[in-house]
Amino acid sequence: MTCARPYTFLALLLLIPALLIIIFKSRKCSGFSEKQMRFNKSIPELRRIFNFRQLVYIRTFFLSLSWIMLTCAASGLYWGTYQVPVQKNGTTVSFVFDISNSMNATDCPGRLSRLKASSIFAQKLIDKISENPANSSSISVILAKGDGVTAIPVTQDYAIIESLLSSLSSSLMTVPGSSLGKGILKAKESFPANFSSAGRIWLFTDGEETDGHLKNALVECIKTGIPVSIIGFGQETESSVLAGDGKTSVQTALRKDKLLSLIDEIQKSSEFYMNQTPVIFVDSNEKSSAMKLLSQLKTSDGQFVSYEAKPVPRYKLFLFFALVFFILNYFVVEIDYSKFKINIKKTIAASSLFALFIFTGCNSNTLKILKGSYAFNQKQYGHSVSCFLDTLENAKLTNNLTVADYSLFNLGTSYLMLEENEAALIKYSEISSDAPDIVKFTTFYNCGVICHKNGQFEEAADYFKKALSLDNSNIDAKINLELSIQMTNVDAKQNEAEAIPVSTNETSVLDMENEIFETIKENDKNQWKNSETQQTQNLANDF
């Protein structure tokens, strides 16, 4: 359970003076006798079974409960979670490096230290990522020590990441201890809110930690739909390494069994979540370990649905109870039941018809489409995307092509309003040829608008022609078609004018650019090395 505005509960303190005033006044008016009530025609029959003080207490009780429910609704209480489908496009990876002293153990192939091996391994991953232009994955770098430090925020500048990898050292930070969990949480924070790409965390470590926060951090990532891959370095046999004080010798090893046991425990306790393989372990010494990681990356043109766990807001529940208690205040005290004659048979029949209409009048897909349309009209496009993704998944399962077409159209339009133009085009392209004409016309028209924005004037003209073939009376489509044709002609003339022969000095210019690039890269590398500090405090427990 979480509370967004806990200070709202201070409003409950207002009940104390209110109750004291009511109690004082009710005692003062206790002389209101049964005889006076009997001759007062304005008091209904039901009141004759209560004395005046009891009536006041009953009303106070219900009004107090209503006030409590209103306060709970305003406080923003959340409990429970629900799965929200989120459209993702491409992948962002956060490299989390364990730079504790245990990573200085030289038990990796070639007598490399674990930290050096992780640096080389990460460098090879970046090389493979950069070889595929269609991938264009963004990367951030986190140092898992202390509370975790974002060394490099999300970027596609791989050169600056390479300069840091070549300078990785346990001396970059003097904070004692290894906090893998805090490093993972810092990596989770490095992903921008409502980011269109799917986030993944790759943790380079030997599994040694000193604070035990890893489990909670992994569960937190599963809840938010961020898979974590733990890449292990070192051997499972014990090796000696110096602690942070440079004197104390400690034993360390790759804690593979511990990590696998932890992952298995988390998987069993998180079966509710729909994420596929949210936490995995990859041994860097095994063959094809790098391929296991690279296969997780999604290309920029490949879209997919990821599920995120969102907390369930409960303000509607508390508002409902507040209304119920407020109505009961009048229902029990004010209403004169002697004036009502209830026909039980008619009441049951009417209730049955009402329930039948509510529960069978519209299915879940219809309700989701209505919710999505309402959210779209309220300009809550993110919520409308969630609703239409749900209806699309259900329509595919039930093979309902009509609902699928409407869901795809609404999804594309929602993405268009969010300026996710590529995602909108993909959803529009999935609409079947059997869709209603109005859906196809609007789809072609919107695709033409997107292509025109992207400077693809020929494609825009083709889409507007297709739209006019369905409705040749649409003035806007005709105007946009003419504009697209005009811009196509302008582009053709500009391309002819900009045709310039290749310069004979091109090679020398490229050589100069490479020299400048290497100089900048060397300066970045020296900057990371200069940030290393000597540990002067007592760090015997730091490993």
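**Exercise 1. Find how β7 and β10 are joined, and where β10 sits in the sheet.**

Start with the pairing: strand β7 (residues 228-232) and β10 run parallel and are joined by five bridges. Strands count as paired here if DSSP finds at least two bridges between them. The strand and helix names are DSSP runs numbered from the N terminus, with at least four residues for helices (H or I) and at least two for strands (E). Before going on, keep in mind that this is a predicted model, where local features need pLDDT of at least 70, side-chain atom pairs count only at pLDDT 80 or more, and totals for chains, interfaces and linings use all residues. Residues are numbered from 1 along each chain as its sequence is written, and side-chain values use heavy atoms, with hydrogens and water left out.

Next, pick a spot to look at: Ser229 is opposite Ile280 in β10.

Now zoom out. The open sheet has six strands, ordered β5-β4-β3-β6-β7-β10, with mixed pairing. That puts β5 and β10 at the edges, each pairing on one side only. From one strand to the next, the twist averages 15 degrees.

Last step: check the cover on β10 (residues 279-283). Four of its five residues are buried, where buried means under 20% relative accessible area, exposed over 50% and partly exposed in between (1.4 Å probe, protein chains only).

**Exercise 2. Work out which helices lie on the sheet.**

Take β3 and β6 as a landmark: they run parallel, with seven bridges between them, and Thr92 faces Gly199 of β6.

Then add the helices. α5 lies across β3, β4 and β5, at about 155 degrees to β5. Helix α7 (residues 214-223) packs on the sheet too, touching β6, β7 and β10, and its direction makes about 140 degrees with that of β7. Contact means heavy atoms within 4.5 Å; the axes are lines fitted to C-alpha atoms (for helices, over the stretch in contact), with angles from 0 to 180 degrees between N-to-C directions.

**Exercise 3. Describe the largest nonpolar core.**

First, the rule: a nonpolar core is a set of buried Ala, Val, Leu, Ile, Met, Phe, Trp, Tyr and Cys residues joined through side-chain atoms within 4.5 Å.

By that rule the largest core has 33 residues, and Phe95, Phe97, Leu168, Trp202 and Phe204 have the most contacts inside it. Elements supplying at least two residues each include β3 (91-97), α4 (114-131) and β6 (198-205). The top contributor is α4, with seven residues.

Follow Leu168 as a sample: leaving out residues up to four places away in sequence, it touches Phe97, Ile99, Leu115, Ser119 and Leu143.

Apart from this core lies another, of 23 residues, including Ala187 and Ile266.

**Exercise 4. Classify the ring pairs of Phe95.**

Rings of Phe, Tyr and Trp (its six-membered ring) pair if their centres lie within 6.5 Å; planes under 30 degrees apart are stacked, over 60 edge-to-face, and the rest tilted. There are 13 aromatic pairs in the structure.

Try Phe97: its ring centre is 6.3 Å from that of Phe95 and the planes are at 70 degrees, so this pair is edge-to-face.

Now Trp202: the centres are 5.5 Å apart and the planes at 25 degrees, so Phe95 and Trp202 are stacked. This pair links distant parts of the chain, with Phe95 in strand β3 and Trp202 in strand β6, 107 residues apart.

Finish with burial: Phe95 has 0% relative accessibility and counts as buried, and Trp202 is buried with a relative accessible area of 0%.
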